[in-house]
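Thanks, everyone, for making the time this morning. I would like to walk through one model, beginning with a detail and only then stepping back to the whole chain.

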Amino acid sequence: MTVYRHCDVDDLARKFQKLKQVGRILLMTDGVFGATGKIAPLAALTRQLRRNATLWVDDAHGAGVLGDNLRGSAEAAGIAQRGLIRTISFSKAMGVQGGAILGPAWLRKKLLHQNPVLIGSTVLPPPWQPPR
Ligand SMILES: *Cc1c(COP(=O)(O)O)cnc(C)c1O
């Protein structure tokens, strides 16, 4: 694993230069950093991606807040990166429980059929209803 300086696209470019013999790259970032509210430079980060790289945006704080359709920081940045992975929480802007992993078909298939955490786990409980 390689870590680049916080939101520093130039540092990311330097780190990519040093990664000579790698198969696939998974570039992970928050869309919006919860502690500061800083928005990741997704468009610039995306321009650094090579063919063998996938961008994964944890958009817990961006989903439901950013973008014309409130789809999050990727929509706000105007990126429609092929293979883009986004994880969102329903517990921030939406104020409920749960979350979602949004991504390409290969990832959805893998998570549904090969993820030991999901296989055999219990679904979210139905909402509590006050007695009438
Ligand atoms: C809140 C948060 C999550 C997880 O949210 P849940 O409350 O577990 O649904 C993941 N990533 C970031 C950056 C968050 O702020």
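Let me start with K15, which is partly exposed, at a relative accessible area of 23%. Please keep in mind throughout that what you are looking at is a predicted model.

Which residue does K15 meet in a salt bridge? The partner is D11, and the N to O distance between the two side chains is 3.1 Å. The two residues sit 4 apart in helix α1, so about one helical turn separates D11 from K15. As for exposure, D11 is buried, with a relative accessible area of 6%, whereas K15, as I said, is partly exposed.

D11 has a further partner, R14, and in that salt bridge the closest N and O atoms lie 3.5 Å apart. Here the spacing is 3 residues within helix α1, which covers residues 9–18, so again the separation is about one helical turn. R14 is partly exposed, its relative accessible area being 48%. Taken together, D11, R14 and K15 form a linked network of salt bridges. In general terms, side chains of opposite charge can pair when their charged atoms come close.

How many salt bridges does the rule we are using give? The count comes to 3. Besides the two that involve D11, there is one between D8 and R5, whose closest N and O atoms are 3.5 Å apart. In that pair R5 is exposed, with a relative accessible area of 58%, while D8 is partly exposed, at 22%.

Turning now to charge over the whole chain, there are 18 positive and 8 negative charges, and their mean positions are 9 Å apart.

Next, the fold in outline. The chain has 4 helices and 4 strands, and their order along the sequence is α-β-α-β-α-β-β-α. If we take the principal axes, the C-alpha atoms fill a box of roughly 65 × 35 × 25 Å.

Of the 132 residues in the chain, 32% are buried, and the area that the chain exposes is about 9,400 Å², with carbon and sulfur atoms supplying 56% of it. Finally, on contacts: if we consider those between residues at least 6 apart in sequence, 54% of them join residues at least 24 apart.

To return to where I began, the feature I would ask you to look at in the viewer is the salt-bridge network of D11, R14 and K15, in which D11 is the buried residue with 6% relative accessible area.

Conventions:
Residues numbered from 1 in each chain as written. Predicted model: local features only at pLDDT ≥ 70, side-chain atom pairs only at ≥ 80, totals over all residues. Heavy atoms only, no water. Buried < 20%, exposed > 50% of the residue type's maximum accessible area, 1.4 Å probe, protein only. Contact = heavy atoms within 4.5 Å. Areas by Shrake-Rupley, 256 points an atom, 1.4 Å probe, with all protein chains shown as cover. Lys, Arg positive; Asp, Glu negative; His and termini not counted. Charge placed at Lys NZ, Arg CZ, Asp CG, Glu CD. Salt bridge = Lys/Arg side-chain N within 4 Å of Asp/Glu carboxyl O.
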